Amino acid sequence: MPSGKTHDWTTLAFLPFVWLIGQWGLHWGFWVCALVTLGTFIGGFWLSPDLDTRSRPFYRWGGLRFIWWPYHWAVRHRSVLSHGIWFASWLRLLYLSAVLALLYIASSHTLSRLGNISIHQPRQDILRFVHAHTHDILWLGLGIWTGSLLHILLDKLCSSLGRWPHSRQKRR
């Protein structure tokens, strides 16, 4: 398997290509390219498939890594839920969104109880935000998926290259 440093360097090296493919190849606008490139960075550094282990991305969350403990315990490493090409990154994004929404609702409820801030409808605030920024969220999600896909493909490539010489030796 590639090391965490290898995954980090690969993600960083791939970012200009994401931008160029979006800008020149797909003729996306500046904002869309920026969101997809930023999402790729986030997908490689903070929402990596390796969040189910004690990995560099897991520790990058610092004091907030406690939000990944349930995911860490529930998802087996290199399973379809962590390293699946199509749905794993969307599962992590959905999980993080749910945790952030719950934290927002709980904190707004607590703050309104204390009388410091008056947030009466946190659920409606979240829905209003998602409705207003749906396209931006989807472009960012595409980038996060791209960052995760890069991680998964690098894992698969290194696994197959690692096995290839051994399988060749068995045939002799």
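**Exercise 1. Aromatic pairs**

How many aromatic pairs does a search of the whole structure find, and what kind of pair do W19 and F30 form?

Solution. The structure is a predicted model. Searching all of it gives twelve aromatic pairs. For W19 and F30, start with the ring centres, which are 5.3 Å apart. That lies within the 6.5 Å limit for a pair. Next take the planes, which stand at 75 degrees. Angles over 60 degrees count as edge-to-face, so W19 and F30 are an edge-to-face pair. Finally, place the two residues: W19 belongs to helix 1 (residues 4-25) and F30 to helix 2 (residues 30-45). They are eleven residues apart, and the pair links distant parts of the chain.

**Exercise 2. Exposure of W19 and F30**

Decide for W19 and for F30 whether the residue is buried, partly exposed or exposed.

Solution. Buried means under 20% relative accessible area, and exposed means over 50%. W19 has 25% relative accessibility, so W19 is partly exposed. F30 has 59%, so F30 is exposed.

The same steps apply to a second pair. The rings of W68 and Y71 have centres 5.5 Å apart and planes at 85 degrees, so this pair is edge-to-face. W68 and Y71 are both buried. They also belong to one aromatic cluster, together with W61 and Y95.

**Exercise 3. Packing of helix 1 and helix 2**

Which way do helix 1 and helix 2 run relative to each other, and which residues make the contact?

Solution. Two packed helices are described by the distance and the angle between their axes. Here the axes come within 9 Å and cross at roughly 160 degrees. Angles over 145 degrees count as roughly antiparallel, and therefore helix 1 and helix 2 are roughly antiparallel. Their crossing is right-handed. On the helix 1 side the contact residues include D8, F14, V18 and W19. On the helix 2 side they include F30, C33, T40 and F45.

**Exercise 4. The position of T146**

In which helix is T146 found, is T146 buried or exposed, and which residues does T146 touch?

Solution. T146 is in helix 8 (residues 134-171). Its relative accessible area is 16%, so T146 is buried. Leaving out residues up to four places away in sequence, T146 touches F14, V18 and T40. F14 and V18 are among the helix 1 residues in the contact of Exercise 3, and T40 is among those of helix 2.

**Exercise 5. The span of helix 6**

Compare the span of helix 6 with the expected span.

Solution. Helix 6 (residues 88-114) has 27 residues. At 1.5 Å a residue, 39 Å is expected. From first to last C-alpha the helix reaches 39 Å, close to that value. Its buried residues include A88, L93 and V99.

Notes. Residues are numbered from 1 along each chain as its sequence is written. This is a predicted model: local features need pLDDT of at least 70, side-chain atom pairs count only at pLDDT 80 or more; totals for chains, interfaces and linings use all residues. Side-chain values use heavy atoms; hydrogens and water are left out. Helices (H or I, at least four residues) and strands (E, at least two) are DSSP runs, numbered from the N terminus. The expected span of a helix is 1.5 Å times one less than its number of residues. Buried means under 20% relative accessible area, exposed over 50%, partly exposed in between (1.4 Å probe, protein chains only). Rings of Phe, Tyr and Trp (its six-membered ring) pair if their centres lie within 6.5 Å; planes under 30 degrees apart count as stacked, over 60 as edge-to-face and the rest as tilted. Axes are lines fitted to C-alpha atoms, for helices over the stretch in contact, and angles run from 0 to 180 degrees between N-to-C directions. Angles under 35 degrees count as roughly parallel, over 145 as roughly antiparallel, 65 to 115 as roughly perpendicular and the rest as oblique. A crossing is left-handed if the near helix is turned anticlockwise from the far one by less than a right angle, and right-handed if clockwise. Contact means heavy atoms within 4.5 Å.
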